[in-house]
Amino acid sequence: MPNANRGAVGFQSSEFEQEYGRPSKTELKRQSDALQALGAALVEAPRDRVKRVPMPEDVKEAILTCQTITNHEGRRRAMQFVGKKMRSLDEEEVAVIQRTIEGWKGASKADTAAMHALERRRDKLLVDDGALTTLLSENPELDVQHLRTLIRNARKEQAENKPPKAYREIFQILKQVDAKHRKAKADDAEGEDEDSEEDGE
């Protein structure tokens with residue numbers, strides 16, 4: 001025989017579902033903090049990058065305005081406004097911004113790794129004459145005399161604890177060489193893409 005009291009506990013099950021179907025206060029606070037942090041990351045980012053982020057114009061405007069405010073109290077209020085604007089975004093818009101920022105981090109890591117590789121190559125030039133031979137065989141357009149002088153001066157700077165003028169100049173030359181190789185690679189890849197498009201026609 002069914003129990004007549006079953007379910008009669010002072011609330012409807014639908015009320016129970018509504019109450020617990022909504023995010024808790026803790027969850028809402030966490031989401032709000034995450035959006036505020038995302039807004040802060042955009043405020044700290046370079047302006048030209050922020051301008052390229054796909055997001056509503058009013059949100060972008062709030063971020064770019066906040067970047068220009070140096071007064072502590074003014075900036076705090078502007079940051080609160082940025083947070084408010086961030087909370088007006090839908091999930092897809094937030095996801096796009098998050099992916100863009102993650103992309104920046106990846107690009108920064110790649111740039112840092114490339115810079116470390118150039119620094120290692122420069123240090124090798126100072127201790128290994130064979131490294132210069134390799135560099136010149138890869139880049140015959142480089143001025144061999146100028147490079148030899150720079151390497152000699154950089155060794156002297158290190159030995160005598162002098163400002164690293166030649167040492168820095170070597171790095172700049174390696175950076176230019178690296179940029180030239182990267183551009184050539186990118187041009188080759190572009191050419192291959194065009195060729196494959198023509199083949200597909």
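Which residues line the largest pocket? In this predicted model, the list runs through Arg-30, Gln-31, Ala-34, Leu-35 and Leu-38, then picks up again with Met-86, Arg-87, Leu-89, Asp-90, Glu-91, Val-94 and Gln-98. The space in there comes to about 220 Å³. Sorted by class, the lining is a mix: six residues are nonpolar, four are charged and two are polar.

As for where the walls come from, three helices each put in at least two residues: helix 2 (25-44), helix 5 (72-87) and helix 6 (91-127). Helix 2 chips in the most, with five residues.

Next, the nonpolar packing. The largest nonpolar core counts 22 residues, and those with the most contacts inside it are Leu-42, Met-55, Ile-63, Val-82, Met-86 and Ile-97. Helix 2, helix 4 (57-68), helix 5 and helix 6 are the elements that hand two or more residues to this core, and helix 4 gives the most, with five. Met-86 turns up in both settings, as part of the pocket lining and among the core residues with the most contacts. In soluble globular proteins, nonpolar side chains tend to be buried together.

Val-82 makes a handy close-up of that core. Leaving out residues up to four places away in sequence, Val-82 touches Gly-39, Val-43, Ala-62, Ile-63 and Cys-66. One of these partners, Ile-63, is also on the list of core residues with the most contacts. Apart from this core lies another one, made up of 19 residues, including Leu-118, Leu-125, Ala-166 and Val-177.

Notes. Residues numbered from 1 in each chain as written. Predicted model: local features only at pLDDT ≥ 70, side-chain atom pairs only at ≥ 80, totals over all residues. Heavy atoms only, no water. 1 Å grid on protein atoms, 1.4 Å probe; cavity = no way out; pocket = protein on both sides within 12 Å on 5 of 7 lines; lining within 4 Å. Points joined across faces, edges and corners; volume = space filled by probe spheres on them. Helix = DSSP H or I, 4+ residues; strand = E, 2+ residues; numbered from the N terminus. Nonpolar A, V, L, I, M, F, W, Y, C, P; charged D, E, K, R; others polar. Core = buried A, V, L, I, M, F, W, Y, C linked by side-chain atoms within 4.5 Å. Buried < 20%, exposed > 50% of the residue type's maximum accessible area, 1.4 Å probe, protein only. Contact = heavy atoms within 4.5 Å.
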